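Hi,

Here is the structure I promised to pass on. Have a look at it first, and my notes follow underneath.

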Protein chains: 2
Amino acid sequence: MSERPDESDEVARPYHHGQLREALISVSLQLAEEGGPEAISIREAARRAGVAANAAYRHFEDLNHLRGEVAARARAHLRDAMQAELDARPRRRTEAARAKEQLSAVGRGYIRFALQSPNLFRSAWMECSVPDFEPSAWSLLQEALQECARAGLILQGEQEAAAAAAWSLVHGFAELALRGFFGPAEEQALRALSDKVLALFLPAGRTPSQPVRRRR
Amino acid sequence: MSERPDESDEVARPYHHGQLREALISVSLQLAEEGGPEAISIREAARRAGVAANAAYRHFEDLNHLRGEVAARARAHLRDAMQAELDARPRRRTEAARAKEQLSAVGRGYIRFALQSPNLFRSAWMECSVPDFEPSAWSLLQEALQECARAGLILQGEQEAAAAAAWSLVHGFAELALRGFFGPAEEQALRALSDKVLALFLPAGRTPSQPVRRRR
DNA sequence: AGCCTCATGTTGACGCTGTCCACATTGCAC
DNA sequence: GTGCAATGTGGACAGCGTCAACATGAGGCT
């Protein structure tokens, strides 16, 4: 939560603070956590950092650039959550099952983070009009998809579309769930629903012995 | 575009305007169209409606409530776009093919609208903290899904999950595409990609003679 | 050492915003 | 016609992002 001490101490601030940029970002991240992305404010951040508002402009061109930094931090947290889910996933025997597990763990992590830290999640993808957007978190999903392709769960020609679909599905679910479109946010029910949704996505990769759904 | 004349005329405004609420909403919708959701402003809307800023407060409790109205309008436009795509869809012979076409038309309409009117699309789902959110546009998707279920394309137990997945996929794709995650916004390429993504979603409903993708 | 320069932080101001208050005007019901 | 409730106006306040001018201190140069 707090990496920097010397935030509430009244030991007579040093002349030049020394870590202002870092402090502003971390305080702004806190603001976002508490009140959502639009709670980020240069003046409030400076206030909490114990500094005049305009000092921020020595470190950020713009409010949008500060928001960009915050978004990057939030995305890093998202990535950590996904990685944690990856680390905790059950080990499978076959390559296909392993790949499928990897993909679904990534999706679970993504959605879980969105449900547990909605403000951070929203901040991760907030509009900040500074095209700083190396997707970072997406790379985990990308890797999982490559694993699936390697295991033959995804056809060659479908690879690009499958990637887009996976991103879309996971991101869309998170967004809609946060907005309450899948019923009032009962964490448990949403988790269950998300699992079913993720399971739907890779029917061809179902664990052996269970037939692929089919009609007609 | 413009339903109300008497906006630029200088014929000496009537004493009480008479249609202020409507005028404010439509002007705000225009603001959103031009500059995105966050361009909506009570003062600017009032200005364009030729009225003092505070007059707006006789018709909207709050900026957020105005934004809510705008969002509802935007969603109506979205629904129209989806309906248009539905009306223009090719007619199929079999019930299954028809249902699948219906579902994919709905998805196409949704994504097409997002790509063609990004600002309106964003406005349709913008945060406005007034839980006015009858999803309206979603009902078309819901109907299409029921049709699919009736045609046996969706198993009984999977219905809820399939609905969530369809919503998520379509919405997520629109969001990510607008953010430029699928490459710089070349309308054409994005359309093609979205078609592939949608096709991926209902593999069991593929047009006859084309085998369901499968491995292992 | 001493100076000078540049980075950093401060003060004050401007225009914009949402919103509240008190007041003016008007349409409508009686 | 009178009065009331609805509607529009004007002025004010606090908060915001941002700019320009100024102050302060750290570090390199001689």
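**What I found**

A phosphate oxygen of DNA strand C has a backbone N or O atom of B:L63 3.0 Å away, which counts as a polar contact (a pair of N or O atoms within 3.5 Å; within protein, one must be able to donate a hydrogen and the other to accept it, and residues adjacent in sequence count only if both atoms are side-chain atoms).

Before more of that, some housekeeping. This is a predicted model, where local features need pLDDT of at least 70 and side-chain atom pairs count only at pLDDT 80 or more, while totals for chains, interfaces and linings use all residues. Residues are numbered from 1 along each chain as its sequence is written, chains are lettered from A and ligands numbered from 1 in the order in which they are written, and side-chain values use heavy atoms, with hydrogens and water left out.

**DNA strand C**

Back to the DNA. Strand C has 22 residues around it, and A:A52, A:N54, A:R58, B:R43 and B:N54 come nearest; a residue is near a molecule or strand if one of its heavy atoms lies within 4 Å of it. Of the strand C atoms that come within 4 Å of the protein, 52% are sugar and phosphate.

B:N54 goes for a base: an N or O atom in its side chain is 2.3 Å from a base nitrogen of DNA strand C. The side chain of B:Y57 has an N or O atom 2.9 Å from a phosphate oxygen of DNA strand C. Helix α2 (residues 42–48) of chain B gives the largest share of the surface near this strand, three residues. Helices here (H or I, at least four residues) and strands (E, at least two) are DSSP runs, numbered from the N terminus.

By class, the surface near strand C has eight nonpolar, eight polar and six charged residues. In that count Ala, Val, Leu, Ile, Met, Phe, Trp, Tyr, Cys and Pro are nonpolar, Asp, Glu, Lys and Arg are charged, and the others, Gly among them, are polar.

**DNA strand D**

Around DNA strand D there are 21 residues, with A:R43, A:N54, B:A52, B:N54 and B:R58 the closest. Sugar or phosphate makes up 50% of the strand D atoms within 4 Å of the protein, and the rest belong to bases.

A:R43 has a polar side-chain atom 2.4 Å from a base nitrogen of strand D. Phosphate oxygens of strand D lie 3.1 Å from a backbone N or O atom of A:I42 and 3.0 Å from an N or O atom in the side chain of A:Y57. On this strand the largest share of the nearby surface, three residues, comes from α2(A).

**Salt bridges**

Over all chains, the structure has 26 salt bridges (a side-chain nitrogen of Lys or Arg within 4 Å of a carboxyl oxygen of Asp or Glu). In one of them A:R48 meets A:E34, at 3.3 Å from N to O. A:R48 sits in helix α2 (residues 42–48) of chain A and A:E34 in helix α1 (residues 20–35) of chain A, so the pair ties together parts that are 14 residues apart in sequence.

In chain B, B:E85 and B:R112 form another, with their closest N and O atoms 2.8 Å apart. B:E85 belongs to helix α3 (residues 63–87) of chain B and B:R112 to helix α4 (residues 95–116) of chain B, so parts 27 residues apart in sequence are tied together. B:E85 is buried at 12% relative accessible area, while B:R112 is partly exposed at 27% (buried means under 20% relative accessible area, exposed over 50%, partly exposed in between, with a 1.4 Å probe and protein chains only).

**Chain A**

Chain A has eight helices and zero strands, and 46% of its 216 residues are buried. A:G109, in helix α4 (residues 95–116) of chain A, is buried at 1% relative accessible area. Leaving aside neighbours within four places in sequence, A:G109 is in contact (heavy atoms within 4.5 Å) with A:A81, A:M82 and A:E85.

**Where to be careful**

Chain A has a mean pLDDT (the predictor's confidence in each residue, from 0 to 100) of 86, and 83% of its residues reach 70 or more. Over residues 1–11 of chain A the pLDDT is below 50, and over residues 205–216 of chain A it is below 50 too. Where pLDDT is low, the predicted coordinates should not be read in detail.

Cheers
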